Structures are given as structure tokens and as C-alpha cells.
Amino acid sequence: MATRIHNFSLSLDGFAAGDPQSFETPFGHAGQRLHAWMMATRVWDPEHGTSGVDEAFAQQYWRGIGAEIMGAHKFGPPGWQDDPDWRGWWGEEPPFHTPVFVLTHHAREPLEMGDTTFHFLTATPAEALRIASEAAGGQDVRIGGGATVARDFISAGLVDHVHLVQVPIVLGRGTQLWEGLEGFEEAYDVETTASPSGVTHLVFTRKSPLVTS
Ligand SMILES: NC(=O)c1ccc[n+]([C@@H]2O[C@H](COP(=O)([O-])OP(=O)(O)OC[C@H]3O[C@@H](n4cnc5c(N)ncnc54)[C@H](OP(=O)(O)O)[C@@H]3O)[C@@H](O)[C@H]2O)c1
């Protein structure tokens, strides 16, 4: 079992979302710019989308994944915890198709939608990973972000594979990934692929596999 991050898009100055996040602007002033590379591929637009480097990377998001862990601010805009009817951004058929564990200090009952079930829990990264690993049935666990949760799991040494997508824009403000992760790259082998779309894919693979009990 491995723990993986995929399709995690960052501006040149290291922001994974702009500011402020709201129901109308889930990525703040970044709009769709951080994910335009992915939305242009067949993964997002099967009929008219592109194939090639970006599509090949984007597809890895689903391969061999048995569960996801995400942060409360990926699941909804600020204040969603006060709305008992909030069911996430993704409509009645969320694109995860696995159990999803939403880390939040405002836990609620599980929410089953299509073949995705959202579970809400307050737990340390290590505890959450143990629970998600059990649910993943021998497959890998994806850390879905946002930046706060990705940073916490990387910082705890719990992530084996990190696929970042550097988007050539400068946001200037928003939610940063890198704070506190000085020297992060030392634990990983790094491969870089430039795409004709203008983004750069960076893949960090842990040098020695985690030993888990
Ligand atoms: N660039 C990308 O590829 C990408 C990927 C995913 C998401 N995003 C975007 O990133 C933004 C969200 O990122 P973010 O960094 O602001 O927030 P986040 O990582 O989604 O969520 C952070 C929040 O989750 C809860 N939480 C985190 N760890 C917890 C724990 N151990 N136990 C209990 N609760 C815990 C806390 O919320 P509470 O205390 O309020 O419960 C915390 O404030 C959104 O705009 C999203 O769309 C971008």
C-alpha cells in the first residue's frame, strides 16, 4: 500500500488555491487557472479534450486508488459545516468512486453518493491514514488536498508519491503548500516532464519505502 498525491496544481509562487475561497469562487482569485491544463484533456472532456502528456499524468489519479483523504476546505466553501444539506461540490455522482475521508473538526454522519461514501473524522494524519488504508482494501490511498492537508501528510513523512503540476502563473496570495517543508525533496527521487501546454509535471518518489506495521 502506498500513499499518493496526484494532479496537485501549484502556481509558480507555490499557491494551491487563491484567496478568498467562497461558494462562488472555490479557488479564490485563481479561478480555473490552476486546473485549466487538466480540463483541456480527455480526462475532463472525453469528446474534445487533448491526449498526450497532460492526459497521461491526469489519468494516474484514479489508477489503483482504494480511498482518498481530503481536507474540510476541499469538501466545501467556508461555513459548509453549518449547512446540514451541503453534499460537496461534485453533484450526485462524485468522481472518487471510493470511500473518502474528510478531515474536519465538525464531524457528521457518513454521506453515501453513488459509489463514493464520504466519512467525516477528526484524527491525526497517521490515524486517518490507518483508517483509510483499512478501507482501501489493499489498494493505495490518495491524499486529495488542499494544501493544508497535503502539507501535514508530507510533513509527517506519510506520502510515498507526490505528483505536482507547476502552472506558469503567479498568484501572489492564497493557500501555500511549502511553508515548513524545507528540504522536502531530499527524501525523494525527482522526475520532471515539461508539457507543450506550458505546465511542468514534477514527480517525487520516496527513496526508501515506508515500513508500516
Ligand atoms: N491545487 C490543487 O490541486 C488543489 C487540490 C485540492 C484542493 N485544492 C483547493 O484548496 C483549497 C483548500 O485547501 P486548504 O489548504 O485551504 O484546506 P484543506 O487542506 O482542504 O482543509 C483544511 C481544513 O481541514 C480540517 N482539518 C485538517 N486537518 C485536520 C485534522 N487532522 N483533523 C480534523 N480536521 C482537520 C480543518 O478544518 P475545520 O477545522 O474547519 O474542520 C482545516 O482547516 C480549496 O480551494 C480547494 O479547492 C486545490
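**View 1. Strand E1 meets strand E8 in this predicted model.** Ser-11 has Val-167 of E8 as its bridge partner. Six bridges link E1, residues 3–11, with E8, residues 161–167. The two strands run parallel. In general, strands of a sheet pair through backbone hydrogen bonds, in parallel or antiparallel fashion.

**View 2. Nine strands make an open sheet.** The strand order is E5-E6-E4-E3-E7-E1-E8-E11-E10, with mixed pairing. Strand E5 (111–113) and strand E10 (188–194) are the edges, each pairing on one side only. From one strand to the next, the twist averages 20 degrees.

**View 3. Helix H4 packs on the sheet.** H4 spans residues 125–135. The helix touches E1, E3 (65–71), E4 (99–103), E6 (116–121) and E7 (140–145). Its direction makes about 150 degrees with that of E3.

**View 4. Helix H5 lies across five strands: E1, E3, E4, E7 and E8.** H5 covers residues 147–155. It runs at about 135 degrees to E7.

**View 5. A shell of 27 residues surrounds the ligand.** Gly-71, His-73, Gly-145, Gly-146 and Thr-148 come nearest. E1, strand E2 (15–17), helix H3 (72–75), E7 and H5 each give two or more residues to this shell. H5 gives the most, with four. By type, the shell holds eleven nonpolar, 14 polar and two charged residues.

**View 6. UniProt lists a domain over residues 5–186.** The unreviewed entry names it "Bacterial bifunctional deaminase-reductase C-terminal". Over this range the chain is 19% helix and 25% strand. The end C-alpha atoms lie 17 Å apart.

Conventions: Residues numbered from 1 in each chain as written. Predicted model: local features only at pLDDT ≥ 70, side-chain atom pairs only at ≥ 80, totals over all residues. Pairing = 2+ DSSP bridges. Axes fitted to C-alpha atoms, helices over the stretch in contact; angles between N-to-C directions. Contact = placed C-beta atoms within 7 Å. UniProt positions renumbered as here; feature names shortened; annotations may be inferred. Near = placed C-beta within 6 Å. Nonpolar A, V, L, I, M, F, W, Y, C, P; charged D, E, K, R; others polar.
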